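The exercises that follow are meant to be worked through with the sequence and the 3D structure open beside the text. Try each task before reading its solution.

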Amino acid sequence: MAPKRRSTPIIEGRVGMYVCGPTVYSDVHIGNCRTFVSFDVIYRYLMYLGYKVRYVRNITDVGHLEGDADSNAEDKISKKARLEQLEPMEIVQKYTNGFHEIMHRFNTLDPSIEPRATGHILEQIEMVEEIIKRGYGYEANGSVYFDTNKLLRETDVYGKLSGRKVEDLLVETRDLKNQDEKRHPSDFAIWIKADERHLLRWNAPWSEGFPGWHLECSVMSTKYLGERFDIHGGGNDLKFPHHENEIAQSYGACGNTPANYWIHSNMLLLNGRKMSKSEGNNITPVQLFTGDSPHISKAYSPMALRFFFLQAHYSSTLDLNDASLGAAEKGYRRLIDTYNTLKGLSSTVSKSEHALAGEMEQGIQAAFDEMNDDFNAPKAMARMFELCTVINKLADGQLSTDDAGQHTLDTVTKGFSDLLFVIFGLLDESAAGADDHMDQLQGLMQLVIDMRQQARLNKDWPTSDKIRDTLNAIHIELKDGKEGTQWKINEK
Ligand code: AMP
Ligand code: ZN
């Protein structure tokens with residue numbers, strides 16, 4: 001069972017991956033979580049293939065303006081700080097902590113580097129200077145704009161990623177503010193002169209101001225991954241303008257486009273519609289974990305949700321609703337339970353021919369093949385479900401484990417375990433729960449053992465026998481020895 005490497009990285013054996021992280025001005029929403037879980041699986045799988053992966057996921061803590069506008073609008077973090085009468089950095093810290101907590105509940109691995117935009121202001125000023133020096137940027141009234149017209153005249157890189165034509169670019173950007181300062185309507189701000197409302201501001205050669213939102217990702221990806229790196233990711237709502245503008249900036253500053261592969265995750269819907277706070281079509285991760293929302297009938301665990309995210313390919317939309325979550329919860333339990341069953345199976349007879357070996361080993365290989373085909377987790381899971389049927393027949397004796405053979409059982413068990421826990425990043429929640437309850441079980445058993453001991457001292461044999469027999473019936477065995485009575489749970 002050998003997972004295959006298909007794409008060629010820029011540096012042999014290493015992968016550089018940059019993913020646009022959250023803007024930390026409010027609680028992370030469940031759509032963001034889907035995107036970050038999708039990239040977590042990609043990160044995990046690349047590492048599983050043996051690559052050394054440097055995964056950079058930024059924190060946007062300046063420059064992301066209301067309505068994704070270009071300038072004149074208020075910075076999202078700055079606005080929240082003003083409304084809550086807090087320091088902008090208090091807002092940033094609060095929602096960054098909240099974001100990390102939720103990511104950990106989803107068992108998402110931390111990125112290798114998590115840079116913040118405000119920690120890279122100097123580098124952003126330098127990139128603006130470079131863009132101006134190379135003739136792709138111009139100053140107007142203290143702000144600096146990227147000259148998209150020059151780029152469009154020289155190359156065909158701008159608009160390609162999002163499939164936009166020049167005419168479309170013009171239409172999409174026509175309604176933006178500060179058109180009078182721009183030479184061309186599709187030009188975008190890379191440095192913005194701060195008006196009096198702006199709390200976040202820095203001194204730069206052009207004005208006291210702040211960087212345009214798109215600039216941070218160009219700067220931080222270049223700083224940590226180089227001018228060209230392997231994978232750039234984010235939600236597909238970022239293709240335009242954010243990623244197109246990153247491409248423009250890289251071209252303007254370095255003369256090339258930044259990433260070899262662009263990976264965009266698709267949107268999470270709620271009851272078939274785009275999630276929107278203003279329309280009330282919204283649900284938070286915490287509401288999902290507690291069941292406290294009119295959109296759902298009960299609570300769903302983080303792992304049921306993680307499984308749910310993996311049930312659609314990252315590039316397809318995914319609709320969250322009570323029925324789809326319920327199905328995911330069942331699917332999650334079936335895979336985990338079947339894995340636990342599989343672990344307990346063994347074959348004692350060694351034969352020269354094992355009738356089931358080919359089918360089972362091909363089944364698990366097929367799951368890895370699906371992962372090799374653009375990280376297709378839902379199809380890999382479908383292959384695992386096909387194997388579940390065979391495994392459950394082995395467990396209930398409809399098929400013989402001797403026809404599978406020990407080698408096959410071991411191979412399939414390892415493949416299942418790697419896919420479920422290492423690659424999909426699932427946890428067995430029932431096992432975690434069992435650990436939590438072990439102390440209580442231990443205390444309860446000590447009480448039962450003490451009561452039986454008392455009955456025996458009182459020569460109350462019917463009571464002491466009843467305790468032993470009742471425990472036996474639920475597969476708990478008592479063993480009397482010199483050190484007192486021990487207990488153990490037997491396999492059913
Ligand atoms: P933001 O905090 O808005 O900058 O978004 C952080 C990340 O989440 C970006 O990669 C977005 O593309 C992604 N994202 C935003 N909304 C959704 C959604 N409804 N479904 C999936 N991903 C989303
Ligand atoms: Zn970005």
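**Exercise 1: The largest pocket**

By class, the residues lining the largest pocket comprise 16 nonpolar, 15 polar and seven charged ones. Keep in mind throughout that this is a predicted model.

Task. Describe the largest pocket by its volume, by the residues nearest its centre and by the elements that contribute to its lining.

Solution. Step one is the volume, and here the largest pocket holds about 1100 Å³ of space. Step two is the lining, which is made by 38 residues, and among these Tyr25, His29, Asn32, Lys76 and Asp237 lie nearest the centre of the pocket. Step three assigns the lining to elements: α1 (30–48), α3 (88–105), α7 (213–225) and α8 (239–254) are the ones that give two or more residues to it. Step four asks for the main contributor, and the largest share, four residues, comes from α1.

**Exercise 2: The zinc site**

Task. Find the protein donors of the zinc ion (ligand 2), and explain why Cys217 and His242 can be said to tie together separate parts of the chain.

Solution. Begin with the atoms: the zinc ion (ligand 2) has as its protein donors Cys20 through SG, Cys217 through SG and His242 through NE2, and these lie 2.0 to 2.2 Å from it. Next, write the donors in chain order, which gives the spacing C-x196-C-x24-H. Then place two of them in their elements: Cys217 belongs to helix α7 and His242 to helix α8, so this pair ties together parts that are 25 residues apart in sequence. As a last step, look at how accessible these two residues are, and you will find that Cys217 and His242 are both buried.

**Exercise 3: Two open sheets**

Task. Determine the strand order and the pairing of the four-strand sheet and of the five-strand sheet, and name the edge strands of each.

Solution. Start with the sheet of four strands, which is open, has the order β2-β1-β8-β9 and is paired in the parallel sense. At its edges stand β2 (52–57) and β9 (259–265), and because each of them has a single partner strand, one side of each is left without a neighbour in the sheet. Neighbouring strands of this sheet are turned by 20° against each other on average, when direction is ignored. To see one pairing in detail, take β1 (residues 14–19) and β8 (residues 229–235), which are joined in parallel over three bridges; within this pairing, Val19 has Gly233 of β8 as its bridge partner.

Now turn to the five-strand sheet, also open, whose order is β3-β4-β5-β7-β6 and whose pairing is antiparallel. Its edge strands are β3 (137–140) and β6 (202–203), each of which pairs on one side only. Inside this sheet, β5 (residues 188–193) and β7 (residues 208–211) run antiparallel and are joined by three bridges, with Lys193 bridging to Gly209 in β7. As background to both cases, the strands of a sheet pair through backbone hydrogen bonds, and they do so either parallel or antiparallel.

**Exercise 4: A hairpin**

Task. How many residues does the hairpin use to join β13 to β14, and how many bridges hold these two strands together?

Solution. First, follow the chain from β13 to β14, which the hairpin joins through two residues. Second, count the bridges between β13 (residues 476–481) and β14 (residues 484–489): there are six, and the strands run antiparallel. Third, pick out one pair of partners, for instance Gly481, which stands opposite Gly484 in β14.

**Exercise 5: The cavity**

Task. How many cavities of 30 Å³ or more does a search of the whole structure find, and which classes of residue line the largest cavity?

Solution. The search finds one such cavity, and the volume of the largest cavity is about 90 Å³. Its lining includes Ser38, Val41, Phe309, His313 and Pro378. Sorting the lining by class gives nine nonpolar and two polar residues, with no charged residue. Sorting it by element shows that α1, α10 (302–310) and α13 (377–395) each supply at least two residues, and that the largest share, three residues, comes from α1.

**Exercise 6: One lysine in a helix**

Task. Is Lys379 buried, partly exposed or exposed?

Solution. Lys379 lies in helix α13. The relative accessibility of Lys379 is 46%, and since partly exposed covers the range between under 20% and over 50%, this residue counts as partly exposed.

Definitions and conventions: Residues numbered from 1 in each chain as written. Chains lettered and ligands numbered in written order. Predicted model: local features only at pLDDT ≥ 70, side-chain atom pairs only at ≥ 80, totals over all residues. Heavy atoms only, no water. Pairing = 2+ DSSP bridges. Axes fitted to C-alpha atoms, helices over the stretch in contact; angles between N-to-C directions. 1 Å grid on protein atoms, 1.4 Å probe; cavity = no way out; pocket = protein on both sides within 12 Å on 5 of 7 lines; lining within 4 Å. Points joined across faces, edges and corners; volume = space filled by probe spheres on them. Nonpolar A, V, L, I, M, F, W, Y, C, P; charged D, E, K, R; others polar. Donors = N, O, S within 2.8 Å, 3.2 Å for Na, K, Ca; no water. Buried < 20%, exposed > 50% of the residue type's maximum accessible area, 1.4 Å probe, protein only.
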